Amino acid sequence: METSYFRCGFRINSVLEATVCCVKDDRVRFSITNVFDEECEAWYYIHGERINPHQVFKKGESIDVRVMSILKDGRKNPATVILVRPETLPVDLFLEDHPIGSEVSGIIIAIRNSGMIIRLAENVHCMVKRCKHAKTGTWVACLLNRYNTNRKVLFATVL
């Protein structure tokens, strides 16, 4: 039986309501309240999601976030850093309308070694295997295969 522990008043993988305080180019700062009713700062760093945070998050908006980890390094920074991830991103809303197994169309925006990135909607991208005669800027039909909920990455195949 697994027990979860509170660190700094937060339980890892718990979902909390947070308020957007600041939106930067690659990160979003939230204000969240712990079990001791203390206001704390939490950060969401945008790594591979390929979203524009200025279009997705608005200052003062309340959204649900999941506590991913809590970092504390007293030698370099005395503050505690709380890393969170929003529960709902544009790719999640896209999947509500187009579930896994449905056919969608998108435009090729990048071709890298053995894969391509296809833009399906605003702030929604998927990864596919590279086609031999593919060019950036062309429209293709895709079949949605799978979705990694932890990394928020959508995978598809070109039809």
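Q: Count Ala, Val, Leu, Ile, Met, Phe, Trp, Tyr, Cys and Pro as nonpolar, Asp, Glu, Lys and Arg as charged, and the others, Gly among them, as polar. How many residues of each class are in the lining of the second largest pocket?
A: Bear in mind that we're looking at a predicted model. The pocket in question has about 200 Å³ of space, and 17 residues line it, with Gly48, Glu49, His125, Lys152 and Val153 closest to its centre. Sorted by class, that lining comes out as ten nonpolar, three polar and four charged.

Q: Which element gives the most to the lining of the second largest pocket?
A: Two elements give two or more residues to this lining: strand S10 (124-129) and strand S12 (153-158). The top contributor, with four residues, is S10.

Q: And the largest pocket: which strands each supply at least two residues of its lining?
A: This one holds about 280 Å³ of space. Its lining has 14 residues, with Tyr44, Tyr45, His47, Glu49 and Asn150 nearest the centre, and the classes split into seven nonpolar, four polar and three charged. The strands that each chip in at least two residues are S5 (39-45), S6 (62-73) and S7 (77-86).

Q: Is Phe57 buried or exposed?
A: Looking past its neighbours within four places in sequence, Phe57 still has plenty of company: Val20, Val23, Val28, Phe30, Tyr44, Ile51, Ile63, Pro86 and Leu89 are in contact with it. Its relative accessible area is 4%. The cut-off for this class is under 20%, so Phe57 counts as buried.

Q: Why is the pair of Phe30 and Phe57 classed the way it is?
A: There are three aromatic pairs by the rule used here. In this one the ring centres sit 6.0 Å apart and the planes are at 85 degrees. Planes over 60 degrees apart get a label of their own, so the pair of Phe30 and Phe57 is edge-to-face.

Q: How many residues apart are Phe30 and Phe57?
A: Phe30 belongs to strand S4 (residues 27-33), while Phe57 is in the loop between H1 and S6. The pair links distant parts of the chain, and the separation is 27 residues.

Q: Ring pairs link which residues into a cluster?
A: Tyr44 and Phe57 also form an edge-to-face pair, 6.1 Å centre to centre with 70 degrees between the planes. Tyr44 lies in strand S5 and Phe57 in the loop between H1 and S6, so this pair ties together parts 13 residues apart in sequence. The cluster linked by ring pairs is Phe30, Tyr44 and Phe57.

Methods:
Residues numbered from 1 in each chain as written. Predicted model: local features only at pLDDT ≥ 70, side-chain atom pairs only at ≥ 80, totals over all residues. Heavy atoms only, no water. 1 Å grid on protein atoms, 1.4 Å probe; cavity = no way out; pocket = protein on both sides within 12 Å on 5 of 7 lines; lining within 4 Å. Points joined across faces, edges and corners; volume = space filled by probe spheres on them. Contact = heavy atoms within 4.5 Å. Phe/Tyr/Trp six-rings, centres within 6.5 Å; stacked < 30°, edge-to-face > 60°. Buried < 20%, exposed > 50% of the residue type's maximum accessible area, 1.4 Å probe, protein only.
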